[in-house]
Amino acid sequence: MITLFINSLRVSVEKGTTLLEAARFLGFPIPTLCHMDGLSPYGACRLCVVEIGEGPGARLVSSCTYPAEEGLKVRTASSRVVKARKLILELLLASCPQSKVIQDLASAHQVRQVRFRQEHEDCILCGLCVRMCEEQMMAKAIGFHGRGEKRGINTPFNAKSEVCRLCGGCIYVCPACSLRCTYTEPDKAICGGCANLTPPCVDKEKFDDMMCYMEPCVACEIKKD
Amino acid sequence: MPADKVPASVNKGKTGMGELISILEEIQAKYSYLPEDVLRQVAEETGRSLVDIYGVATFYRAFSLVPRGKHLISVCLGTACHVRGGPAVAREIQSQLGIKPGQTTPDREFTLETVNCLGACALGPVIVVDGHYFPGVKTSMVKGILQQARTGLDRVEVETDQRIFPLEVSCARCNHSLMDARHVIDGYPPVRVTVSFGNKHGWMLLSSLYGSHEVSMEYEIPPDTIVHMFCPHCHAELIGGAKCGECSAPMVPMIVRGGGVVQICSRRGCKGHMLDLGGVTLD
């Protein structure tokens, strides 16, 4: 067992437990975006930052990937952590302003304005869909490609994958997919994304009424009348 | 799908990420790009998922998924070259070739790419064509450089006889010719590489006659030593994933002008070599 201090509270956890799990065990809320139970930790979104150590040696680490250490002093909501988290949310919001998940997180953390140019990306590269496809659906149909600003997620050669079963798991976990589903006009929202990897909502002229394959749509949670 | 598209070095079910890169390097050296069907076959034979292979192939700049031209032009757009007029040179090349950076001309002659620094800032604006540096390039010089590249920047004429065939080879990485016109072995210009073994590091000249094992070198290499060979121009190690069929030492690949790969054994004294002229393999 490893004993550490989270916000000055002593806690003993099994070896290999992450700081996020230890903090949640004590009931300290840490926001996460790219973390999901059942998927391996990835540390992409950095929303779960916590401050470890003391004095000038204190630093920010992502709690979902940092394993508990003996005697470690962790602060989950110090002013430095809160400031960093708000900036991260602001950046996420700038790249994906239409995402309901990010909007909710931003609102919960008092992010009232975005000082960055809005990019309207359809992906924040959190890797949830890639891990979902590999670890839960055992398919490995999609993956990262490219590097730097050209990094993205798709099937190899951007073609229909032979191993994809169209399970819709990737769309289900995607925090940015509300953008695809509601397009920019929420009242015209349609979604075939759950059963179709190329959502017809992208081509919205063809589908002016709701044409969802799932009821209710697991991705956009809109009920068909 | 013919089975010989993937290099023989692909070892079934035993490929770490590093081995995958050397397999891809070999394919890239053979075809000058990574064809989709070959990558699919690599996935099949190594048992890795295509997603991983595609991810690695798109991550590195050294790999290309589209066919590359015979001549590679790299235009430096680093800070120093940028202020000295690099973008104007890049625009001039683009308009002369009618392609954008990253593209290849339809006749497969030129591939244009922009790089962010070549480490030769004092020479700026600098462009590199097939491993040759052109310093202080002006837009008026572009036409001449392209013409020079078309006729061959490092052309070493090897007169051929009907019965024997000397090979002209170049580096798989920088495309620079490895022929050395200043020396003669077996009556022909030899292949010049840099070798290193132990703590020795020196030049070596290999006869360009296929089948001849005449060499001349700076330091005598003890028999049975496995040496590392490097390109004397870009200093990259000449290495693929293949192993010698006779002694299983690593093979050293070189690109044959006109297409194909010649591989020689890196062990001193071993006569293992292989010539692959795109489909036809001679041992």
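Is B:Pro222 buried, exposed or partly exposed? This is a predicted model, and in it B:Pro222 comes out as partly exposed, with a relative accessible area of 41%. To find this proline, go to chain B and look in the loop that runs between strand S8 (215-217) and strand S9 (228-230). Once residues up to four places away in sequence are set aside, B:Pro222 touches B:Phe197 and B:Arg268. The second of these partners, B:Arg268, sits 46 residues away along the chain, yet its C-alpha atom is 7.1 Å from that of B:Pro222.

Stay in chain B for a moment and turn to its helices. Helix H2 spans residues 36-46, and its buried residues are B:Val38, B:Leu39, B:Gln41, B:Val42, B:Ala43 and B:Thr46. Some of the spacing in that list may look familiar: an α-helix has 3.6 residues a turn, so residues three or four places apart point the same way. Right after H2(B) comes B:Gly47, with a positive phi of about 75°.

Next is helix H3 of chain B, residues 50-59, which is mostly covered, with seven of its ten residues buried. Those buried positions are B:Leu50, B:Val51, B:Ile53, B:Tyr54, B:Gly55, B:Val56 and B:Ala57. B:Asp52 isn't on that list of buried H3(B) residues, but hang on to the name, as B:Asp52 pairs with A:Lys140 in a salt bridge.

Farther along chain B, there's a backbone oddity at B:Arg108. Most residues other than glycine have a negative phi. B:Arg108, however, has a positive phi near 60°. This arginine lies in the loop between helix H5 (86-97) and strand S2 (110-115) of chain B, and it is partly exposed, at 46% relative accessible area.

Now over to chain A. Its 225 residues, of which 46% count as buried, include six helices and seven strands. Read from the N terminus, the elements go β-β-α-β-β-β-α-α-α-β-β-α-α. If you take the contacts in chain A between residues at least 6 apart in sequence, 50% of them join residues at least 24 apart.

A good place to step in is strand S1 of chain A (residues 2-6), home to A:Thr3. Why does A:Thr3 count as buried? Its relative accessible area is 16%, and the cut-off for buried is under 20%. Its side chain makes a polar contact of 3.2 Å with the side chain of A:Ser12. Leaving out neighbours within four places in sequence, A:Thr3 has contacts with A:Arg10, A:Val11 and A:Ser12, and also with A:Glu69, A:Glu70, A:Gly71 and A:Leu72.

Just past that strand is A:Ser8, in the loop between S1 and strand S2 (9-13) of chain A. Here is another non-glycine residue with a positive phi, about 70°. A:Ser8 counts as exposed, at 70% relative accessibility.

What about the inside? In soluble globular proteins, nonpolar side chains tend to be buried together. The largest nonpolar core has 33 residues, and the members that touch the most others are A:Leu33, A:Leu47, A:Leu92, A:Ile102, A:Ile124 and A:Cys129. Four helices of chain A each put in at least two residues: H2 (79-95), H3 (100-108), H4 (128-136) and H5 (169-173). H2(A) gives the largest share of this core, with six residues.

Finally, how do the chains meet? Chain A brings 14 residues to the contact and chain B brings 14 residues. Together they bury about 1,100 Å², with carbon and sulfur atoms giving 65% of that area. On chain A's side, A:Lys140, A:Arg147 and A:Phe157 supply 56% of what chain A buries against chain B, more than any other three residues.

A:Lys140 also takes part in the one salt bridge counted between chain A and chain B. Its side chain meets that of B:Asp52 at 2.8 Å, N to O. Three residue pairs are in polar contact across the interface. Strand S6 of chain A (residues 143-145) gives the most to the side touching chain B, with three residues. By residue type, that side of chain A divides into five nonpolar, six polar and three charged.

How values were computed:
Residues are numbered from 1 along each chain as its sequence is written. Chains are lettered from A and ligands numbered from 1 in the order in which they are written. This is a predicted model: local features need pLDDT of at least 70, side-chain atom pairs count only at pLDDT 80 or more; totals for chains, interfaces and linings use all residues. Side-chain values use heavy atoms; hydrogens and water are left out. Contact means heavy atoms within 4.5 Å. Buried area is the accessible area (1.4 Å probe) that two parts lose on being put together, summed over both. A salt bridge is a side-chain nitrogen of Lys or Arg within 4 Å of a carboxyl oxygen of Asp or Glu. A polar contact is a pair of N or O atoms within 3.5 Å; within protein, one must be able to donate a hydrogen and the other to accept it, and residues adjacent in sequence count only if both atoms are side-chain atoms. Ala, Val, Leu, Ile, Met, Phe, Trp, Tyr, Cys and Pro count as nonpolar, Asp, Glu, Lys and Arg as charged, and the others, Gly among them, as polar. Buried means under 20% relative accessible area, exposed over 50%, partly exposed in between (1.4 Å probe, protein chains only). A nonpolar core is a set of buried Ala, Val, Leu, Ile, Met, Phe, Trp, Tyr and Cys residues joined through side-chain atoms within 4.5 Å.
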